[in-house]
Amino acid sequence: MAFCPTVPLSNGLKIPILGLGTSHHGGYSHEAVLYALRECGVRHIDTAKRYGCEKDLSKAIQESGVPRQDLWLTSKLWPGDYGYRTTKEACRASCARLGVEYLDLYLMHWPDCMIPGRSNREMRAETWRALEELYDEGICRAVGVSNFLVRHLEELKEDCSLVPHVNQVEYHPFQQPEEIVQYCHQQGIVFEGYCPLAKGQALSHPTILKMADKYECTPSQICIRWSIQACLPLINFELGETRLVCSTN
């Protein structure tokens, strides 16, 4: 993957269309991250405080020799850190663990936080105002949300001034939230899919296996290509499939 297409954000930045996820569900692999960075030319890495591997990623990035300015790094704010002050603290802590001065993209991980005495809408608005300031300060080059439905995005639009640059939502052949996709397109929000392999379930589906045989490629490549042809940035969390996914073209 010497060259990776990009998708423009509303602020002019360009996000690489294919990113490597580091979710704790898939298990972090230092070797897989290094392989992706060195051998595949991957320059988009997605992580989160929740995954517990930001420090490990810092080591892998340093070891890879890839300059910081050539990378797109995304991290996410866990609901337990929602709130004006705690959001800013959590963002700076993520930067410190990753060994960087800024994030290319910082996302609210989930729409709900269940803080006693505070409504979810109120907490989302307060948290987003902190993200707006982090964006203005340059600590976050872009800010967005994850797993937000249309109603959550509508409320955020009413309560705040900056429209999210990205909404990251699970997206694969078995889960296609077209209402959210269309809404994001209409509002200038980049819809970014995650789990394109459906947590591995797609790899044994008869239709996908048949297509892989027809086109002489792997089931992973079929799923990744399916998402890319929809012109959606996507994050693959199945690190065990890194070598197969890297050969997608």
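Colleague: In this predicted model, how many bridges join strand 3 and strand 4, and in which sense do the two pair?

Modeller: Start with the general idea: strands of a sheet pair through backbone hydrogen bonds, either parallel or antiparallel. Here, strand 3 (residues 18-21) and strand 4 (residues 44-46) run in the parallel sense, joined by two bridges. If you want a spot to click on, Leu 20 sits opposite Ile 45 of strand 4.

Colleague: And which residue in strand 10 is the bridge partner of Gly 19?

Modeller: That is Ile 235. Strand 3 pairs with strand 10 (residues 234-236) over three bridges, in the parallel sense.

Colleague: What do the strands close into, and in which order?

Modeller: A barrel of eight strands with parallel pairing, in the order 3-4-5-6-7-8-9-10. From one strand to the next, the twist averages 25°. For another pair, try strand 7 (residues 143-146) and strand 8 (residues 166-170), parallel over three bridges; Gly 144 faces Val 166 of strand 8 there.

Colleague: Which way do the residues of strand 3 point, and are they buried or exposed?

Modeller: In a regular strand the side chains alternate between the two faces of the sheet. In strand 3, Leu 18 and Leu 20 point one way, Gly 19 and Gly 21 the other, and all are buried.

Colleague: Now the helices: at what angle do helix 5 and helix 6 pack?

Modeller: Helix 5 (residues 150-159) and helix 6 (residues 178-187) meet at about 25°, with axes 10 Å apart. Angles under 35 degrees count as roughly parallel, so that word fits helix 5 and helix 6. Their contact includes Leu 153 of helix 5 and Tyr 183 of helix 6, and its residues split into five nonpolar, one polar and three charged.

Conventions:
Residues numbered from 1 in each chain as written. Predicted model: local features only at pLDDT ≥ 70, side-chain atom pairs only at ≥ 80, totals over all residues. Heavy atoms only, no water. Pairing = 2+ DSSP bridges. Helix = DSSP H or I, 4+ residues; strand = E, 2+ residues; numbered from the N terminus. Axes fitted to C-alpha atoms, helices over the stretch in contact; angles between N-to-C directions. Buried < 20%, exposed > 50% of the residue type's maximum accessible area, 1.4 Å probe, protein only. Parallel < 35°, antiparallel > 145°, perpendicular 65-115°, else oblique. Contact = heavy atoms within 4.5 Å. Nonpolar A, V, L, I, M, F, W, Y, C, P; charged D, E, K, R; others polar.
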